[in-house]
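Colleague: I am new to reading protein models and would love a close look at one part of this one. Could you take me through how its strands are put together?

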Amino acid sequence: ALMKTYAKLGQLLLSSESARKDFEQYYPSMRHVQVHVLRFPAFSQAPGQTTRSLADLRERYSIPERYIYLPNQFWAHKNHGVVVDALERTRSDVSVVCTGSTSDLRNDKYFAELMDRVRRAKLESRFRVLGLVEYSDVVALMHHASAVLNPSLFEGWSTTVEEAKARGKPMILSSLPVHKEQAEEHGARFFHPDDASALAMLLDEVGPDSTVRSLNHEQSAAANALKHQQFIDAYFRIIAACVA
């Protein structure tokens, strides 16, 4: 029904060139529809808002001093299992901290089965699950992380990646076309989402000085302001094209 609406209106808004290619591949009968791509940026903290210190985070959540951050919901396609498999192959000082909803209505056994794998591998201390946390803590966890990880099997346009880019964080990403579209020019490292050994190598390569790549507040604010203005300009160009 939704595609019939697009066909009738003749306009479609997508969030990536990758999605455009998928649309063209899977809906060849809708070549008359004009497709517009609007890539959304991350939204920065409110002005004047301070970032919780690492010491505060460690006291609140009992996380290690050095960690790689994975802020995805615990849904099957987010592919947390490959991270568990990778951690079995890494140095013992490599840890991943996860946040996100642990409920997936499409697969109510997914989280329990994942945590069973974690327990069997004796990785409870290195695969830390914090569940849902307030957004200010998401910001702080990303700020203090050595790197940001997204192992997903599918993404539209990853908010995780955009937020990592906005903060200048090193990124380890599954080799989805959309991830490469988002982050290849930002120096992200990629692995096939089924290849735990390749991911383990990338996790092992995250050094103790990785966090120094984070942008300072002034750089981050200026970069985000420019991205937001570019987003607004692109949006209005699309609206103008639709009504012309």
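**A close look at the strands**

Modeller: Happy to! Let's begin with the open sheet, keeping in mind that this is a predicted model. The sheet is formed by 6 strands, in the order β5-β4-β3-β6-β7-β8, and their pairing is parallel. At its edges lie β5 (127-129) and β8 (189-191), each of which pairs on one side only. From one strand to the next, the twist averages 25°.

Now pick out two members of that order, β3 and β4. Strand β3 covers residues 68-70 and strand β4 covers residues 96-98; 3 bridges pair them in the parallel sense. To find one of these pairings on your screen, go to leucine 70: its bridge partner in β4 is cysteine 98.

Next, turn to strand β1, residues 11-14. β1 runs parallel to strand β2 (residues 34-37), and 4 bridges join the two. Here you can look for leucine 13, whose bridge partner in β2 is histidine 36. Helix α2 (residues 17-26) belongs to this picture too: together with β1 and β2 it makes a right-handed β-α-β unit.

Which residues of β1 are on its covered face, and which on its uncovered one? Leu12 and Leu14 are on the covered face, while Gln11 and Leu13 are on the uncovered one. A general rule helps in reading this: in a regular strand, side chains alternate between the two faces of the sheet. So Leu13, the residue that has His36 as its bridge partner, is also part of the uncovered face of β1.

How values were computed. Residues are numbered from 1 along each chain as its sequence is written. This is a predicted model: local features need pLDDT of at least 70, side-chain atom pairs count only at pLDDT 80 or more; totals for chains, interfaces and linings use all residues. Side-chain values use heavy atoms; hydrogens and water are left out. Buried means under 20% relative accessible area, exposed over 50%, partly exposed in between (1.4 Å probe, protein chains only). Two strands pair if DSSP finds at least two bridges between them. A crossover is right-handed if, with the strands pointing away from the viewer, the path from the first strand over the helix to the second runs clockwise. Axes are lines fitted to C-alpha atoms, for helices over the stretch in contact, and angles run from 0 to 180 degrees between N-to-C directions.
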